[in-house]
Amino acid sequence: MHAYNELYLDDAMDNLGEAFDYASKSCGTSLTDFTNYFVTCGLADEFGHGSPKIVIGMSGTELAREVFRRTFGYDNSKEFPPAQIEYDYSAEYWSGWISAYYQWSRGYSFRLILNHIPIETICHAYHPLHEASEERACAWFDEKMSEIKKVNELQRRRRLLGYTQRLLADRSGVNIRTLQQYEIGSKDLAKAGAATVLSLSDELGCEVRDLLSSV
C-alpha cells in the first residue's frame, strides 16, 4: 500500500530533491545533518503521510527553510540564502528525489529508511542508478534494507539514552559515518581501535565488553 495518493508523487519527489539540493549547496549543510533535522523536527513524518501542506503546499526551498526554522527556532524574519533559479539533476537532488519515491512506494517511514541506509550511501548510489528506472532503484533500496541486522548493543544503548547518532558522534568524537556503519554492521566494532570503543562505552555508560557482546 502506497504512503499517499499518487497524484502528489511527482511534486513530492521534485520538492524533496530540491530541498536536499538547496540545503547542501546553498546553505552549506551536510546531507547527514539535514536529514537528521528533517526527521527529528517532525516534517519527515508529515511528508511521509502525504500532508498536502508539506508535500505540495510549499516548494523544496521552502521545505528546507521550514526544517531549519523548526530545528533552530528561527522566526519568519530569518534570512536564508536565495532560492536557486535552476536545479541540476545532482547527486544531492537525486538522493531526495528517489528517497521520496521509495518512501511512497514501500510505505516505510523516513526515519526507518534513513536510520538503516545513511543518506551518504544513497547519494553515492547516484552513479549508475540515476539513469535506472525508479523500480530498479527501489530494488537497490530493498536489497540494502534486507541486509539490516538485528539491532546491536551499540544502537540499543544509544536509543535507550535517547541519543541521536549525531549527538553520540559529537560527544564521543567518533565520525558519524563510521558510527552509522558500526550500527548497521557494515563495519566491525570489534576491529575498531581501543580508543574508539572506550569513548563510545564511556558516553553510553557501559563497559567495553557490553558493546562487543553482540558483535
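**Figure 1. Surroundings of Thr121 in helix H8 of the predicted model.** Thr121 counts as buried because its relative accessibility is 17%, under the 20% limit that defines the buried class. The residue belongs to helix H8, which spans residues 119-124. When residues up to four places away in sequence are not counted, Thr121 touches Trp140 and Arg177. Arg177 is itself one of the buried residues of helix H13, and H8 is among the helices against which the buried residues of H13 pack.

**Figure 2. Helix H13 and its neighbours.** H13 covers residues 176-184. Eight of its nine residues are buried, so the helix is largely enclosed by the rest of the structure. The buried residues are Ile176, Arg177, Thr178, Leu179, Gln180, Gln181, Tyr182 and Glu183. These residues pack against H2, H8 (119-124), H11, H12 and H14 (194-204).

**Figure 3. Packing of helix H12 against helix H13.** Two packed helices are described by the angle between their axes and the distance between the axes. For H12 and H13 the angle is about 120 degrees and the axes are 9 Å apart. The crossing of this pair is right-handed. On the H12 side, the contact is made by Gln165, Arg166, Leu168 and Ala169, and on the H13 side by Ile176, Leu179, Gln180 and Glu183. By class, the residues of this contact are four nonpolar, two polar and two charged.

**Figure 4. The largest pocket and its lining.** The volume of the largest pocket is about 370 Å³. Its lining consists of 18 residues, and those closest to the centre are Asn36, Val39, Arg111, Asn115 and Gln165. At least two lining residues come from each of four helices: H2 (31-40), H7 (110-116), H11 (153-160) and H12 (165-172). H2 supplies the largest share of the lining, with five residues. Sorted by class, the lining holds eight polar, six nonpolar and four charged residues.

**Figure 5. Helix H2 and the glycine that follows.** Eight of the 10 residues of H2 are buried, so this helix is largely enclosed by the rest of the structure. The buried residues are Leu31, Thr32, Asp33, Phe34, Thr35, Tyr37, Phe38 and Val39. Val39 also appears among the lining residues closest to the centre of the largest pocket. After H2 comes Gly42, which has a positive phi near 100 degrees. Most residues other than glycine have a negative phi.

**Figure 6. Arg157 in helix H11 and its contacts.** Arg157 is located in H11 and is buried, with a relative accessible area of 18%. Apart from its neighbours within four places in sequence, Arg157 is in contact with Leu204, Cys206, Asp210 and Leu211. Arg157 and Leu211 lie 54 residues apart along the chain, while their C-alpha atoms are separated by 8.6 Å.

**Figure 7. Lys191 in the loop between H13 and H14.** Lys191 is exposed, as its relative accessible area is 71%. Between Lys191 and Leu212 the C-alpha to C-alpha distance is 10.0 Å, and the two residues are 21 residues apart in sequence.

**Figure 8. Crossing of helix H1 and helix H6.** The axes of H1 (residues 9-26) and H6 (residues 91-106) come within 7 Å of each other and cross at roughly 145 degrees. This crossing is right-handed. Residues of H1 in the contact are Leu9, Ala12, Met13, Asp14, Leu16, Gly17, Glu18, Phe20, Asp21, Ser24 and Lys25. Their counterparts in H6 are Glu92, Tyr93, Ser95, Gly96, Trp97, Ala100, Tyr101 and Trp104. The contact comprises 10 nonpolar, four polar and five charged residues.

**Figure 9. Ala23 in helix H1.** Ala23 is buried, with a relative accessible area of 0%. Residues up to four places away in sequence aside, Ala23 touches Gly28, Thr29, Phe34 and Phe68. Phe34 is one of the buried residues of H2. Ala23 and Leu63 are 40 residues apart in sequence, and their C-alpha atoms are 9.7 Å apart in space.

**Figure 10. The cis peptide bond between His127 and Pro128.** The peptide bond that joins His127 and Pro128 is cis, with omega about 5 degrees. Most peptide bonds are trans. Pro128 is found in helix H9, which comprises residues 126-129.

Methods: Residues are numbered from 1 along each chain as its sequence is written. This is a predicted model: local features need pLDDT of at least 70, side-chain atom pairs count only at pLDDT 80 or more; totals for chains, interfaces and linings use all residues. Side-chain values use heavy atoms; hydrogens and water are left out. On a 1 Å grid over the protein atoms alone, a cavity is a set of points where a 1.4 Å probe fits but cannot get out, and a pocket is an open set with protein on both sides within 12 Å along at least five of seven lines; lining residues have an atom within 4 Å of a point. Grid points are joined across faces, edges and corners, and a volume is the space filled by probe spheres set on the points. Ala, Val, Leu, Ile, Met, Phe, Trp, Tyr, Cys and Pro count as nonpolar, Asp, Glu, Lys and Arg as charged, and the others, Gly among them, as polar. Buried means under 20% relative accessible area, exposed over 50%, partly exposed in between (1.4 Å probe, protein chains only). Contact means heavy atoms within 4.5 Å. Axes are lines fitted to C-alpha atoms, for helices over the stretch in contact, and angles run from 0 to 180 degrees between N-to-C directions. A crossing is left-handed if the near helix is turned anticlockwise from the far one by less than a right angle, and right-handed if clockwise.
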